[in-house]
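Colleague: I'm new to reading structures, and I'd like a close look at one part of this one. Could you put it up and walk me through it?

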Amino acid sequence: MAGTASLRSDPPREAGSEADERPAALARFLAEASGANAVEVAGLAPLRGGAIQENWALDAHFSGGLLVGDQRLVLRTAAPTGVAASLDRLQEFAVLKAAFAAQVTVPEPLFASDDTAVFGKAFFIMRRVDGIAAAHRITRDPILDPALPAIAERLGRELARIHTIRPPRPDLAFLRAYEEGGPAQQIAGFRAYLQDHPTPRPVLEWGIRWLETHIPQPTKPVLCHHDFRTGNYMLDGAKLTGILDWEFAGWGDPHEDIGWFCCKGWRFARLDREAGGIADRAALYRGYESESGQPIDPERVFFWEVLASVRWAVIALQLVGWYTAIETALDAVDLVPGKGHFSLWSLFKSLVVVTSFVLVSGLIARAVERRVMKLDGVAASTRLGISKFSHVFLISLGALLGVNAAGLDLTALTLLTGAIGIGLGFGLQAIASNFVSGFVLLLDKSIKPGDVISFTGLTGTSTENFGWVQELRGRCVVVRDRDGVDTLVPNQNLITGTFINWSYSDRKVRLKLPVRISYRDDPEVALQVLLGAVEGNKRVLTEPAPVTRLIQFADHGMDLELRFWIADPQNGVNNVRSDVNRRIWRLFRDHGITIPVTQHEVRMLGDDRHP
């Protein structure tokens, strides 16, 4: 049940404490407007979107009156920036009430007030509906896609209900008469703007001339939303929950709303879907005609679509017109007085142009890189070299072309660019060194993606910092260890330092396992037992065959060594070493072979003489 609060014209309160008092003032207003005993405002927060109007989420608890219990509401008021053609909030509230009474799916309008002592400016309150209104999500959501034709048909029915509201309506007496804002008046406004515009626009002139010669016969006016499009309705899943944003409503031709909804400017990159970017226009027409009982005239719709496109073009020209004054002001600020002219506008223009060229060059470079990396007949390191070189070349070329296109006179910046060049020369030495080192690594093919490398330890012993190459980048090499941790190694370190490439020429790697036995054991038996430790291990190669050696006679035992080969070091070295060591321990235990423990014997030598 809806009610309307009495409208007051009290003087506005002083700024300062207004924001803090808003919830309390709103609570008093809501209690008076709803007849509640008390109202508690639990939350008041701005909602996203709305460049012309502000929307605030208002959560309140009502005790008695028209509304009882917790209520989720929306407070709508004017934004700091607005459009002169839009209705004020009390007028929009009246239109919303008329639409609600006509059973249009809109948020229920509840209360309105122009008392600036409550919120600082006029506002109205309506119920909050669930869902999303973001057009880019609605038109591109694959989950919502199957339901979009039915949604378009439902929107056609909603539009037909809006058009059942016809003049005269005393509650809507503030709306401008149709004759004052009909197609002829709109086209005359476009013509007047172009006549005052300094630059000829022949295509737009032709469009306006076509409109002037194809104005349809007048029809009985109806209430038009005048901004009925995707983005101004709310969907909760596939359910329509509300038609929004009525600030441009007025009397008009019913085909005007249909043409605006089908205009290409409101299809959000889905030009194949003529009805608001969500479905074919047949679904919209079907819903409208079934609800209204009136056929849609395609020729009249086409006229209003053309007018909508011309309106878009005029709005774009108006926006561009604002830039002329900005350009003049920025161009008057000379950053380098003296020879040449380099203004603040020249700087901004150069940045935009050069950045645009670089971005386009980057897109081309990535396309070339993807193409090159698919060439299976070329070595991986060669493919990387070609892709990196093409990337740098294209980016550099784009930057140079951008500077040229911007018309930047570098002679006016000789001193500045010289100082910057010297500073970059000192500051970017390490970066340049790593960059050049990266190309050297690619050219000499000493390292490539998939290679197994380690930075410390000797072959056959420990393998600290062991990992395999994931990626060769412009500044560094990405090495992933067995723990899954990526280490970024500067390219210069690989050029100037020493590292082990376990798979440089051949992925086969020989591992050595040293072991010591007691002098009481037979070394021949121990050597045979060591060979048995690798039998049956799937990772140990049989060719070359494993061998054992008696290395030396040490102080505390005989040093033996088991040597064997593996072909997959990228799967880990220490894990296979651990498996073989465990097998050696079991076999030594079974054969009674002992691994001596170093022992130290200490003798206490004392003096046998007694005092």
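Colleague: Which side chain does glutamate 274 meet in a salt bridge? Please take me through that spot and whatever connects to it.

Modeller: Sure! Keep in mind that this is a predicted model. The partner you're after is arginine 281: its side chain and that of glutamate 274 meet in a salt bridge, with N to O at 2.8 Å. The two ends of this bridge sit in different surroundings, so let's take them in turn. Glutamate 274 has a relative accessible area of 27%, which means it is partly exposed, because buried would need a value under 20%. Arginine 281 comes in at 15%, so it counts as buried.

Now stay with arginine 281, since it leads us to a helix pair. Helix 8, residues 254-262, packs against helix 9 with the axes 11 Å apart and an angle of about 155°. Anything over 145 degrees counts as roughly antiparallel, so that's how these two helices run relative to each other. Their crossing is right-handed. On the helix 8 side, the contact is made by Pro254, Ile258, Phe261 and Cys262, and helix 9 brings Arg281, Leu284, Tyr285 and Tyr288. Sort those contact residues by type and you get seven nonpolar, one charged and no polar. Arg counts as charged, and there's our Arg281 among the contact residues.

Helix 9 has another salt bridge to show you. Arginine 286 pairs with glutamate 153, and their closest N and O atoms are 3.4 Å apart. Arginine 286 lies in helix 9 (residues 281-292) and glutamate 153 in helix 5 (residues 148-162), so this pair ties together parts that are 133 residues apart in sequence. Both ends are partly exposed: arginine 286 has a relative accessible area of 43%, and glutamate 153 has 22%.

Want a further example of a bridge between helices? Glutamate 212 and arginine 191 join their side chains in a salt bridge, 3.0 Å from N to O. Here glutamate 212 belongs to helix 7 (residues 202-213) and arginine 191 to helix 6 (residues 183-196), and the pair links distant parts of the chain, 21 residues apart. Glutamate 212 is partly exposed, at 28% relative accessibility.

Stepping back, the count of salt bridges comes to 30. Some of them join up: Arg76, Arg89, Glu92, Asp245 and Glu247 are linked in a network.

Key:
Residues are numbered from 1 along each chain as its sequence is written. This is a predicted model: local features need pLDDT of at least 70, side-chain atom pairs count only at pLDDT 80 or more; totals for chains, interfaces and linings use all residues. Side-chain values use heavy atoms; hydrogens and water are left out. A salt bridge is a side-chain nitrogen of Lys or Arg within 4 Å of a carboxyl oxygen of Asp or Glu. Helices (H or I, at least four residues) and strands (E, at least two) are DSSP runs, numbered from the N terminus. Buried means under 20% relative accessible area, exposed over 50%, partly exposed in between (1.4 Å probe, protein chains only). Axes are lines fitted to C-alpha atoms, for helices over the stretch in contact, and angles run from 0 to 180 degrees between N-to-C directions. Angles under 35 degrees count as roughly parallel, over 145 as roughly antiparallel, 65 to 115 as roughly perpendicular and the rest as oblique. A crossing is left-handed if the near helix is turned anticlockwise from the far one by less than a right angle, and right-handed if clockwise. Contact means heavy atoms within 4.5 Å.
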